[in-house]
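Here's a quick briefing to read alongside the model. Have the structure open and follow along.

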Amino acid sequence: TSQADWTPDVAPSLFAKVLISDPTVIVAWEQPDSTNPYMTGDKVSHNGKTWVSIVDNNVWEPGVYGWEEV
């Protein structure tokens, strides 16, 4: 629960963007912060390919580390 005046634009340190809101949908990869990394099994599209994260707390770009092409 938050105070009504603590919105993301006013208090951004209290919020993290949700990158995978529906695990059945493959979304475009976005560079995550340390507060919202990809987890094992998350799937993304990047550079025309589909990737699955093979590590938890993955903040790396697909093709660099922690991803497997599917």
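Which residue forms a salt bridge with K17? That would be E30, with the closest N and O atoms 2.8 Å apart. Keep in mind that this is a predicted model. The rest of the briefing goes through the salt bridges, the sheet, the core and the surface.

**Salt bridges**

- Searching the whole structure turns up two salt bridges.
- The K17–E30 pair ties together distant parts of the chain, 13 residues apart: K17 sits in the segment before strand 1, while E30 is in the loop between strand 1 and strand 2 (43–46).
- E30 counts as partly exposed because its relative accessibility is 33%.
- K49 and E69 make a salt bridge too, and here the closest N and O atoms are 3.9 Å apart.
- That pair also links distant parts of the chain, with K49 in strand 3 (residues 49–53) and E69 in strand 4 (residues 67–69), 20 residues apart.
- K49 has 38% relative accessibility, so this lysine counts as partly exposed.
- E69 has 46%, so the glutamate counts as partly exposed.

**The sheet**

- Four strands make an open sheet in the order 1-2-3-4, and the pairing is mixed.
- Strand 1 and strand 4 are the edge strands, each pairing on one side only.
- Strand 2 and strand 3 run antiparallel, paired over four bridges.
- Across that pairing, K43 stands opposite V52 in strand 3, and S45 has T50 in strand 3 as its bridge partner.
- Strand 3 and strand 4 are likewise paired in the antiparallel sense, over three bridges.
- V52 turns up again here, with E68 in strand 4 as its bridge partner.

**Turn and loop residues with positive phi**

- Strand 2 and strand 3 form a hairpin, with two residues between them.
- What is the phi of N47, in the turn of that hairpin? It is about 55°, a positive value, and N47 is a residue other than glycine.
- N47 counts as exposed because its relative accessibility is 66%.
- N57 also has a positive phi without being glycine, with a value near 60°.
- Look for N57 in the loop between strand 3 and strand 4.
- At 48% relative accessibility, N57 is below the 50% cut-off for exposed, so this asparagine counts as partly exposed.

**The core**

- Which residues make up the largest nonpolar core? There are seven in all: L19, I20, W29, Y38, V44, W51 and W67.
- In soluble globular proteins, nonpolar side chains tend to be buried together.
- W67 is worth a click: leaving aside its neighbours within four places in sequence, this tryptophan is in contact with a long list of residues, including W29, Y38, V44 and W51.
- The same list for W67 runs on to others, among them D42, V52, S53, I54, N58, W60, E61 and P62.

**A nonpolar patch on the surface**

- On the surface, W6, L14 and F15 form a nonpolar patch.
- Together these three residues have about 300 Å² of accessible area.
- L14, one of the three, is found in the segment before strand 1 (27–28).

Methods. Residues are numbered from 1 along each chain as its sequence is written. This is a predicted model: local features need pLDDT of at least 70, side-chain atom pairs count only at pLDDT 80 or more; totals for chains, interfaces and linings use all residues. Side-chain values use heavy atoms; hydrogens and water are left out. Patches are made of residues with over 30% relative accessible area and no salt bridge: like charges are joined within 9 Å, nonpolar side chains (Val, Leu, Ile, Met, Phe, Trp, Tyr) within 5 Å. Accessible areas come from the Shrake-Rupley method with a 1.4 Å probe; for residues, only the protein chains shown count as cover. A salt bridge is a side-chain nitrogen of Lys or Arg within 4 Å of a carboxyl oxygen of Asp or Glu. Buried means under 20% relative accessible area, exposed over 50%, partly exposed in between (1.4 Å probe, protein chains only). Two strands pair if DSSP finds at least two bridges between them. A nonpolar core is a set of buried Ala, Val, Leu, Ile, Met, Phe, Trp, Tyr and Cys residues joined through side-chain atoms within 4.5 Å. Contact means heavy atoms within 4.5 Å.
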